[in-house]
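Student: I have a model open and want to work through its packing. Can we take it step by step?

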Amino acid sequence: MTELIVVDRVDKRYATSSGPVDALRGVSLGVGAGEFCTLIGPSGCGKSTLLGMLGGLVHPDAGRIVVDGRPVEGPDPRRAATVFQDPGLFPWRTTLENIEFGLELQGVPRARRRAVAQELLAPLGLRDFAAKYPRELSGGMRQRVAIGRALAIDTPIVLMDEPFGALDPITRARLQHELLRIQHELHKTIVFVTHDIDEAILLGDRIAILREGGVLAQYDTPDALLAHPHDEFVARFLGADRGLKLLALRRLDELDLAPLDGVAGPTADGSTTLRDALSQMITAGTRSLVVLDGAGQPQGVVTLESLTGVAA
Ligand code: ADP
Ligand code: MG
């Protein structure tokens, strides 16, 4: 994959009343075109600072940010749009008018920007709310309007700083899936800050874990992180249930199954996650399951031993 965004050994130190604070130290990573990168770490570890650099709002003390082969020297509304935790909508504008806002700034003619905003209503689940004002919308809908405003500008890069952080768990889960669907359609390059490890795993093609002092602890696919955390900090960050999280990422039909050899017993569809298969073994009190294909035909056997070996 060609890297659209290259972060090259960036440092950032802030002068504060209690002395200098390292926000980022020697951070390097790349994000491919169309990739979804999640950025996670404890509070104060430099996530927003790094996102600000990608947006051209924060200047590194050392190192550089390169986007599409060109060094980032300041904000550019054609390069990246940002969504924050606070949707920051104009209360006197309707849904459509809020979504159009960035295009208006760019001087896009009224009919054109209205057409773009209209087209975003359906994928954002806002079709019936085009003429509503922010006060008439739920928190989740307001955040969708903010996402619409960022998507309308049609930048290749969308930066998101804990956009779902203030939402209730159900709304949050729905928006996560909507964002993934929109991403499949529009192929944006997304850098998404979160402090929720489950959100980072669900959304990210790759996850960057930062630690205190602004140091990149590990940058990897969810699968690689969960199977092979580089150190104790990363392992703790992923949680004591990281083995189960790893099982949840894989499906029975991705395994090399043992031959049937006349084994009978409880069955599971090939689309079942390994985590659910383990759960099924526990509740059924068995050490193996017969795996079925889409037509209900037995394909082979998954054993408890094969599940315990997946991180090897
Ligand atoms: P995160 O988003 O991961 O919580 P930030 O990037 O906001 O972290 O901040 C990283 C560190 O830099 C923190 O210690 C924070 O207090 C400090 N910091 C961030 N912005 C400023 C600023 N404008 N002035 C002084 N210190 C700052
Ligand atoms: Mg932050």
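**Helix packing and core**

Tutor: Start with a pair of helices. This is a predicted model, and in it α4 and α5 cross with a right-handed sense.

Student: Which residues of α4 and α5 make the contact?

Tutor: Look at both sides of the crossing. From α5 come Gly148, Leu151 and Ala152. From α4 come Val116, Ala117 and Leu120.

Student: Are α4 and α5 parallel or oblique to each other?

Tutor: Their axes come within 10 Å. The crossing angle is roughly 130°. Angles over 145 degrees would count as roughly antiparallel, and 65 to 115 as roughly perpendicular. The pair fits neither range, so α4 and α5 are oblique.

Student: Which residues have the most contacts inside the largest nonpolar core?

Tutor: That core holds 76 residues. Four stand out by contacts inside it: Leu39, Leu54, Val191 and Phe192.

Student: Which helix gives the most to this core?

Tutor: The top contributor supplies seven residues. It spans residues 139-152. That is helix α5.

Student: What does Val191 touch, not counting residues up to four places away in sequence?

Tutor: Leave out those sequence neighbours. Val191 then touches Val31, Cys37, Leu39, Leu51, Leu54 and Leu159.

Student: Where does the core lie with respect to domain 1 and domain 2?

Tutor: The domain assignment gives domain 1 as 3-241 and domain 2 as 250-308. Both give residues to the core. It therefore lies between them.

Student: How far apart are the C-alpha centres of domain 1 and domain 2?

Tutor: Take the C-alpha centre of each domain. The distance between the two centres is 38 Å.

Terms used:
Residues are numbered from 1 along each chain as its sequence is written. Chains are lettered from A and ligands numbered from 1 in the order in which they are written. This is a predicted model: local features need pLDDT of at least 70, side-chain atom pairs count only at pLDDT 80 or more; totals for chains, interfaces and linings use all residues. A nonpolar core is a set of buried Ala, Val, Leu, Ile, Met, Phe, Trp, Tyr and Cys residues joined through C-beta atoms within 7 Å. A residue is buried if 20 or more other C-beta atoms lie within 10 Å of its own, exposed if 12 or fewer, and partly exposed in between; C-beta atoms are placed from the backbone. Helices (H or I, at least four residues) and strands (E, at least two) are DSSP runs, numbered from the N terminus. Domain bounds come from an automatic or database domain assignment. Two residues are in contact if their C-beta atoms, placed from the backbone, lie within 7 Å. Axes are lines fitted to C-alpha atoms, for helices over the stretch in contact, and angles run from 0 to 180 degrees between N-to-C directions. Angles under 35 degrees count as roughly parallel, over 145 as roughly antiparallel, 65 to 115 as roughly perpendicular and the rest as oblique. A crossing is left-handed if the near helix is turned anticlockwise from the far one by less than a right angle, and right-handed if clockwise.
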